[in-house]
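Please open the structure in the viewer and keep the selection tool at hand. The tour below proceeds from one selection to the next.

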Amino acid sequence: MQLEPGLRSVVERFIAGAAQPALLDPGEEPLPLVGQNWDISEWNGRLVLQAWDTNRNLVRRIVSVKEQRRDRISLVTERFPKTQGEMQIADLAAAGGVELRRKSTRVAFRDRFRLMLAREFPDWRTEDVSSDANLEQSLSPSYVRAYLRRRSGTSSVGAAVIAAPPDAFDCSAVVPFGLIWLDYLRRREKGMSVNRLLLYVPIHQERATAFRAALIDPAALMCQLYIYDKRDDAGAIDLADAGNIESTLPPCRRPVQPNLESGDISGLPGNVDSVDQSDGSVSLRIHGLEFGRSAGGSLLCGIGKKRPCSVATLSKMASEVGRLRHNAAEDHQHPLYAQSPEGWLESQVRANPRIIDPSLRPAPIYGQVPIFSGPERGVIDLLGIDDTGRLVVIEIKTTADLQLPFQALDYWLRVRKHLAAGDFERLGYFPGITIRRDSPRILLVAPSLEFHSTTETIIGALMPQIDFTRVGLGAGWRSELRVMFRLKGAERP
């Protein structure tokens, strides 16, 4: 058996030229080819690549090159005589390397998860283990899902299972995606009782998931949260043991006017909104886009990064932003028009809160308090109060997002915590208003065509005591707020 001419030099040349070469073998985590942890040799007419780390030792016989690109090389391998497979060597530092690493890791975790379920549920049949995307059913490739089934007397029962891989960006998203997967299985398996949802997340990543899962209505389904470790040992946890939710409520301070050296900002163009912030600063905005701030007696200006400025500079910037950011602007692609659509809608809600909900007090309306850390959410959190003294969480979104209900609940949980502790009164919020101790209401505000198709499914699985209202707006919301529908809970239009 003869070695394919030039095969060894092709492989060695690619590895030498890659910044972060790694072996990607189906069902295995990426194995870096660095330092002295790999070797290439010839044996019995085959090119043999061996790679190892502290946990693994992989040996593969390479038959030929199937495809070569700048960021990876696909190789035909021989696992057994006359049985061929395929593997890749990729440069994880290349443009497509991150996605290759993620995909390879997902596939490896999928296979591990299948074995984990077989070990944990030996009496159940494991089916549909997958991390493939299904856009029609809103099933994400970021999480591994499975279906468990078994006979129970004369009938069969099933369970929806979903897991966050170790490198998941947001483990708590298994809750909404799990509810969607459960709903899909219930519709598909019409003769089956599918009333269990099993959630798996890596150890030490369970708190946010537990807070969300605890809000699921036990009368609608049985939800159980599991954690797993590096050895794939799993165990159930009690949702009540998640601890206290992390949140900070800073004191509400009165704004400080700029000093005389900075000048008077009352002469800014009339389309500038001055929005008081809880830290005592004043945000200067045009249709929700902040271009300046009055803070500590000084003026700052800039889109994004701020720098000290004069009133003249601030006024000039306001004129430029206002010229390009208005509802009749011709260039909708200009960054000053297209930036922060949620901020634009927020400015409309602040100016017309009673259009959104006739019981909302026009003021005060606070933005982004309480504060909590985490990834950028792409949603605007507002906190208002109605005429009866009940707090109202207002979530604003301009594009469809299936996580919107749980994004609102993440904020609602923190508001509820500070409400129960009496923090709002103690720290100066809603002065002169008696705040009721009832759990806050939630308003989800979005263009009517931008509520995700799964919204009703998700809300319908939550505890009925959580007071949701969806407010759908007309398409011309930038110029005028028109309410197309108000729906309570899981009601459908």
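**A pair of residues in a sheet**

Begin by selecting Ala 163 together with Tyr 200: Ala 163 stands opposite Tyr 200, which belongs to strand S11. The model under inspection is a predicted one.

Next, extend the selection to residues 155–163, strand S10, and residues 193–202, strand S11. These two strands run parallel to each other and are paired over seven bridges.

Now widen the view to the sheet as a whole. It is an open sheet of six strands with mixed pairing, in the order S8-S9-S10-S11-S12-S13. Its edges are strand S8 (125–130) and strand S13 (234–237), each of which pairs on one side only. From one strand to the next, the twist averages 25 degrees.

**Helices across the sheet**

Select residues 97–120 to display helix H2. Helix H2 lies across S8, strand S9 (144–152), S10, S11, strand S12 (222–228) and S13, and runs at about 20 degrees to S9.

Then select helix H3, residues 174–188. Helix H3 lies across S8, S9, S10 and S11, with an angle of about 150 degrees to S11.

**An enclosed helix**

Finally, move to residues 404–420, helix H9. From first C-alpha to last, its 17 residues reach 24 Å, close to the 24 Å expected at 1.5 Å a residue. Is helix H9 largely enclosed or open, and why? Helix H9 is largely enclosed by the rest of the structure, because 14 of its 17 residues are buried. After the helix, select Gly 422, which follows H9 and has a positive phi, near 75 degrees.

Definitions and conventions
Residues are numbered from 1 along each chain as its sequence is written. This is a predicted model: local features need pLDDT of at least 70, side-chain atom pairs count only at pLDDT 80 or more; totals for chains, interfaces and linings use all residues. Side-chain values use heavy atoms; hydrogens and water are left out. Helices (H or I, at least four residues) and strands (E, at least two) are DSSP runs, numbered from the N terminus. The expected span of a helix is 1.5 Å times one less than its number of residues. Buried means under 20% relative accessible area, exposed over 50%, partly exposed in between (1.4 Å probe, protein chains only). Two strands pair if DSSP finds at least two bridges between them. Axes are lines fitted to C-alpha atoms, for helices over the stretch in contact, and angles run from 0 to 180 degrees between N-to-C directions. Contact means heavy atoms within 4.5 Å.
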